[in-house]
Amino acid sequence: ATEIPMAEKSSDTIPVAGGTRPSLKYLNRYVRESVAPKWFDLGIELLEGDEGLNKIKSQHPVDFSKCCTEMFQLWLNAQPNASWNQLIESLRQPSLKMNELASRIEDVVLPKVLLDIEKQVNKPSEQSSISTEHERQTSDCNSHIEELTVEHFQDCKDHTKAFL
């Protein structure tokens, strides 16, 4: 199996033993619809038993997508080391035989997920740009201190109120 690269710190995907931990957001976006008809069998593989799965099945007897989402949430909550690798291995088990989906996750989905996360990690936050603008304006105000006029004082006062 191809080794899955580790992601940087992120709330969506974090490094764990055996690969990268998926988030419910990405599982639902890229995997749920493909596995929904076999959600119960996948849950047994991922959770190593059917604990909790029968309850999900009884709550949503015909909504496989909803069942799949709840099964993924149960898996993520029950296993702190849940990983994309574990999902891929489970999909390849004889009880599921979803090798094509497992390969698609390795070759297409994971690169998209990791690229998306990298963009989020490297994207300057709005707060950061506000802070930079605040620093620039504060510097402008400080440079006017020596030649302080009523107009400059009012500008600085307005600037300070805007950031409080």
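**Helix packing around H3, H5, H6 and H7**

Okay, let's start in the middle: H3 goes past H6 in a right-handed crossing, meaning the near helix is turned clockwise from the far one by less than a right angle, while anticlockwise would be left-handed. Helices here are DSSP runs of H or I with at least four residues, strands are E runs of at least two, and both are numbered from the N terminus.

Quick housekeeping. This is a predicted model, where local features need pLDDT of at least 70 and side-chain atom pairs count only at pLDDT 80 or more, though totals for chains, interfaces and linings use all residues. Residues are numbered from 1 along each chain as its sequence is written, and side-chain values use heavy atoms, with hydrogens and water left out.

Back to that pair. The H3 and H6 axes come within 9 Å, crossing at roughly 125°; axes are lines fitted to C-alpha atoms, for helices over the stretch in contact, and angles run from 0 to 180 degrees between N-to-C directions. That makes H3 oblique to H6. The cut-offs are under 35 degrees for roughly parallel, over 145 for roughly antiparallel, 65 to 115 for roughly perpendicular, and oblique for the rest.

Who touches whom? On the H3 side we have Leu42, Glu45 and Leu46, and they meet Gln86, Leu87, Ser90 and Leu91 of H6, with contact meaning heavy atoms within 4.5 Å. By class that contact holds four nonpolar, two polar and one charged residues. Nonpolar is Ala, Val, Leu, Ile, Met, Phe, Trp, Tyr, Cys and Pro, charged is Asp, Glu, Lys and Arg, and the others, Gly among them, are polar.

Now H3 against H5. Their axes sit 10 Å apart at an angle of about 5°, so H3 and H5 are roughly parallel. From H3, Trp39, Leu42, Gly43, Leu46 and Leu47 meet a set in H5 that includes Phe64, Met71, Phe72 and Trp75. The split there is 12 nonpolar, one polar and no charged.

And H6 against H7? Those axes come within 8 Å and cross at roughly 160°, so the two helices are roughly antiparallel. Trp84, Leu87, Ile88 and Leu91 of H6 make the contact with H7 residues including Ile105, Glu106 and Val109. That gives 10 nonpolar, one polar and one charged.

H6 is mostly covered, by the way, with seven of its eight residues buried, which is under 20% relative accessible area, against over 50% for exposed and partly exposed in between (1.4 Å probe, protein chains only).

So what holds the middle? The largest nonpolar core has 31 residues, and Phe72, Trp84, Leu87 and Ile105 touch the most other members. H1, H3, H4, H5, H6 and H7 each supply at least two of its residues, and H7 gives the most, seven. A core here is a set of buried Ala, Val, Leu, Ile, Met, Phe, Trp, Tyr and Cys residues joined through side-chain atoms within 4.5 Å. Beyond its neighbours within four places in sequence, Phe72 contacts, among others, Leu24, Leu42, Leu46 and Leu87.

One loop residue: Ser23 lies between strand S2 and H1. Buried or exposed? Buried, with a relative accessible area of 9%. Its C-alpha is 8.0 Å from that of Leu76, 53 residues away along the chain.

Zooming out, the chain has nine helices and two strands, and buried residues make up 36% of its 164 residues.
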